[in-house]
Amino acid sequence: MMNSGGLVSEGKIPVPLKSISVDVQVQGHVVTVTSTLQYVNEEERHLEALFVFPLPADAAVCHFSAKIGEQEIVAEVQERQSARDQYDDAVSSGQQAFLLEESAESSDVFRLCVGCLSPGQNAAITIIYVTELAVQADHALRFCLPAVLNPRYTPAGSGGGIVSEISSVCGSVPYSLTLSVHVSSPNPISKLESNCTLDPLVFLNSEHTHATVNLSPGHMFDKDVELFLYYQNTHQPTAIVEAGVATDQPGSLMGDPVVMISLYPEFPEEVMSSLGSQGEFVFVVDRSGSMDDMMHHGKGAQSRIEGAKDTLLLLLKSLPMGCYFNIYGFGSHFESLFPKSVLYNQDTMDEALKRVKKMQADMVGTEILQPLKHIYNQPCYPDHPRQLFIFTDGEVFNTKEVLDLVKSHTHSHRCFSFGIGEGASTTLITGMAREGSGHAQFITGSDRMQPKVMQSLKLALQPAVVNISVKWTVQDGITVETLSQPINVIFHGQRTLIYAHLKGESSGSSEGTVTVTYSLKDQPVTNQLHFCLKPTEDTGLAVHRLAARALIQSLEQQERAGGAGMEDIKSRMVELSVQAGVSCVHTAFIAINKDSRQTVKGPLLQRRVPTADVSGVYCYQGPYQASLDNDLLLKSSLSGMFSSRRSGSFARCKSYVNAKFVGACAGIIGFKKSLKSNKGFPVQEQKSGIPQKVTALFSSRYETSAVLSGQEISQGKQEVDVELQKDSLLQLVSLQKASGCWDLTPTLAHVFGKTEDELTNQKPAEVNQSVWATLLALIWLYGCKIKDQVEWQFVAMKAASWIRSQKVCEIEVPERLIMSYDALRTFGTAQRCRQVPVRQATEQEILLAHSEEYLEAVKQTPKMTEEQLMEFSKKYNDVYFHQNIYHCAQLAVGATLQLVDSVMKREVRNGMALVRPPGHHSQRSAANGFCVFNNVAIAALYAQKNYSVNRILIVDWDVHHGQGVQYCFEEDPSVLYFSWHRYEHQTFWPNLPESDYTSIGKGKGSGFNINLPWNKVGMTNSDYLSAFFHVLLPVAYEFDPELVLVCAGFDSAIGDPEGEMCATPEIFAHLTQLLMPLAAGKMCVVLEGGYNLKSLTQSVCQTVQTLLGDPAPRLSEHSAPCVRH
Ligand SMILES: [Zn+2]
């Protein structure tokens, strides 16, 4: 193609391209680009120059004209072969001719034959193309004018392909660029940025819906010019109607108006941090011979196929219940595990694992097109977005065909690709991910496959917009014909444009309506848009042309599918292409200057126009890339899994089984500490108590992988699994049931390095075996395998959600502690703290704040049966007793007192006690509101008794009133108690009149109790700061405490289902900082409530970081405090 008729000359020959001027017209989400290229032949000879023009992948060329000397020629779209023949004829007969066609190798490279130029002659070539603007992760619309060709598709057997045709010059290119941009949109423009220097943006109207900007003069076209356009209300759908061509026939696409709907749904953060449970997951695994190669040549290497099998195990275990799945293997042929995707349950999972185990690299070649076609031909399950996971280590000969196929199904699936080993084709892997809106990962050297695949699974599990319907309401006589292919699903970060043809003559009312409905995480969303049926403004034809292209694309797809009527389809494509002036695979632009019949003298030369040198690697930077390595995102999705459902009143733990676990984890922090260093954790003899049991179970063998010998394994189908697994994590994972739970089996015990008896003996009698096993597995994962968390995160989520489904308390969950501590570790905060050993409180200490009768009663609870515990719980308000809760409450008090000791003895400056159960509702003779013993009240009495502290300030920033603390000190002037709380005129729990501001203390204690009831929800940072500055701090500084205790409940932070307040986690850094100067810094912060795990963990981190002396972060919000209610 390159060499036809021409001689390739070597050496330094002047370049004929002199300048490019570009006009960019943006209409909402689409753009028309007009490029004019100026050439001059500075040589003494006639020559044929060739310019390979890089276009955005989705561009459709719609105009091509050339001006040579005084002659102007406008090219027309013709059927491709006929255009080529005419071009060849013209050139060989000495005529000037131009040909513009899509490159056969890649649709985003246009090859421009400038034709035969006489010495000294000028040529100006104008290309107009239209394209949809791509959406970036930050919602910007990106326009790119490419200056260079990136290394790209190099199909096998084509001898280097396009890339080798571009000769490069180092440094700048010898032609310049001018560029002007005009934007018009239904949404106001908020800003326009570029990687190049722009003149200031000029708004053309007061609504800011029209604007213009130019590239600053003197720009050398040495890099891609990128523009980033930001609209206000970016997620609001828009409708743009474009008038047809007056001279074209009504009823034809170009003669009628066309409407374009842009759909770019908002995915709120809450939704993104949750996981969609539905989906269809199709795993496609390369089983060609090369998959037998080793992943690397270092120690412990495994073969690629074994790595893929381990990864499949993890994936299969991580899938949510209720999804669909299938597994394909491919080589020279392909096979699927199930004829079509099946519902994920224990049986199908077992079946799949059995088959995966037998999987071999025995399918010879690498032919991926056929399995993909097979998958795409299967109907999608409604509301189960299809997601492909493709693993391959090779290259294919038909990359473009594969990528086209992936792309043509972009609205029905998403594609995640994994390149294994050094030989995997970058073009194929990144291309499939780009065209399939997914993400590409490369696993080379000693990389582990599992964490990378789990990162992609995390994206795949995010909820998507489904159930999309578009309904048109227009007056009689008008019909709407949708031209785009139906949309099944929109994933996060995807934008969709829908084109429709408005047919018929409108009379009277000139307005139409379109109603777009969809659902996101089971929430229905409806948008209604109005549009004018007869637009008056002439805004070009970008929408028409892109609509035509959308239709051409669906015809192309039909053509690819094959079958009868192929000639028909082709002729419709050619017709549409010619009519709209949009080229397609069957057409090309051709223009011939028939008047110039000059004789060509000397040899005809072919020139390559240089473009700037490229050294970068082509890499997909989709909207997902940015979030991948962001650990916070991981945390947020994790916390989303655990976060409780919204509940209006305080305690919703209707199930009795709850309490079994509510208490169980008070010691987990200590447990985890003990794993890190076996000293430091107080070893105390305990007869009962899960933390001690767990410690005893795990402390010795942690981090050793339990390799089992065959004889030790009990009978059962898991036997083979275990043989296959090389490390203890995979062993544990392989034992997990599809539902997320584990059974208490000898094999599980072996993973922990224990016997089944050891596990069973430690199990509290009334706890179900699977619940116990699952809890142990979770604790083992968090304790022993935390560094591999990315691999087991979904396995753990499933386990946690299974435990919750066993009627565990919805909001007062063990994860409150686990995740708070986890967050402190993640940010390196825990490592900066001195950790204080935990101990149990003594009875004498508990009796400081509680009656003997009450203590005696609680002491009986570990021996009670479930029924007795239930009866006992009924005596109190919103509290649930479990056999272990007495022990855990003792630990919670003991931990608080340890902190008081450390602070009072000046061993530490200040500190925070992460404890469960909380305490501030608990009263002298009554448990109340999740609280058994009043940790903070006991701490204050303990400090008075042991350290003769004269004045103690207790600040209760929990969103509930700590009535237990108030009762304890209301007559005591040496303890100043301040509490703000959601009150709503006594309608909010605990609904007490004494929670109102009128309760100021009694007798000598009068004036030492301050209640600040919030009579509405939604209080902000400003409200909290005002309360501190205007109410608490003046009194607190006058009071001059010698010790500050904080009832630190974070249910007063944003997102909490109890508090429903709007203060952000950062506020707690400020509140902490404002209290730190008091009492010479002696401050003990004790955890109370906080039920939104994300808000809670962030707030805990803010508090502890401030206690460590970090500066408080800037508060984003600066509104005035609320003054009325
Ligand atoms: Zn609370």
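Is Arg-142 buried, partly exposed or exposed, and at what relative accessibility? Arg-142 comes out partly exposed, at 26%, on a scale where buried means under 20% relative accessible area, exposed means over 50%, and partly exposed is in between (1.4 Å probe, protein chains only). The model is a predicted one, with local features needing pLDDT of at least 70 and side-chain atom pairs counted only at pLDDT 80 or more, while totals for chains, interfaces and linings use all residues. Residues are numbered from 1 along each chain as its sequence is written, and side-chain values use heavy atoms, with hydrogens and water left out.

Arg-142 has a partner. It forms a salt bridge with Glu-226, with 2.7 Å between the closest N and O atoms; the term covers a side-chain nitrogen of Lys or Arg within 4 Å of a carboxyl oxygen of Asp or Glu. Glu-226 sits in strand S18 (residues 225–231) and Arg-142 in strand S12 (residues 141–145), so the bridge ties together parts 84 residues apart in sequence. Helices (H or I, at least four residues) and strands (E, at least two) are DSSP runs, numbered from the N terminus. Glu-226 itself is buried, at 19% relative accessible area.

The structure holds 25 salt bridges. Another one pairs Lys-503 with Glu-481 at 2.5 Å, N to O. This pair also links distant parts of the chain, with Lys-503 in strand S30 (residues 496–503) and Glu-481 in strand S29 (residues 479–482), 22 residues apart. Lys-503 is partly exposed at 27%, and Glu-481 is partly exposed at 35%. A helical case is Glu-856 with Lys-859, at 3.3 Å from N to O. Both belong to helix H25 (residues 852–860) and are 3 residues apart, so about one helical turn separates them. Glu-856 is partly exposed, at 37%, and Lys-859 is partly exposed too, at 22%. Arg-287, Glu-335 and Asp-362, for their part, join up in a network of salt bridges.

Now for the nonpolar side. A nonpolar core here is a set of buried Ala, Val, Leu, Ile, Met, Phe, Trp, Tyr and Cys residues joined through side-chain atoms within 4.5 Å. The largest one has 76 residues, and Phe-281, Phe-389 and Trp-742 have the most contacts inside it. Helix H20 (residues 769–784) gives the most to this core, with 12 residues. Leaving aside residues up to four places away in sequence, Phe-281 touches a list of residues including Leu-319, Cys-323, Tyr-324, Phe-389, Leu-457 and Leu-461, where contact means heavy atoms within 4.5 Å. Apart from the largest core lies another, of 53 residues, among them Met-912, Tyr-1024, Ala-1053 and Phe-1068.

Cys-323, one of the residues that Phe-281 touches, is buried at 0% relative accessibility. Cys-741 is buried as well, at 6%. As for disulfides (pairs of cysteine sulfur atoms within 2.5 Å), the structure holds 0.

That leaves the metal. The zinc ion is coordinated by Asp-958 (OD) twice, His-960 (ND1) and Asp-1051 (OD), at 2.0 to 2.7 Å. Donors are N, O and S atoms within 2.8 Å of the metal (3.2 Å for Na, K and Ca), and water is not among the atoms, so sites may look incomplete. Along the chain the donors follow the spacing D-x1-H-x90-D, and both Asp-958 and His-960 are buried. Angles among the 4 donor atoms run from 53 to 153 degrees, and the site is irregular. For reference, four donors count as tetrahedral if all angles lie between 85 and 135 degrees; four count as square planar and six as octahedral if opposite donors are over 155 degrees apart and all others between 65 and 115; anything else is irregular.
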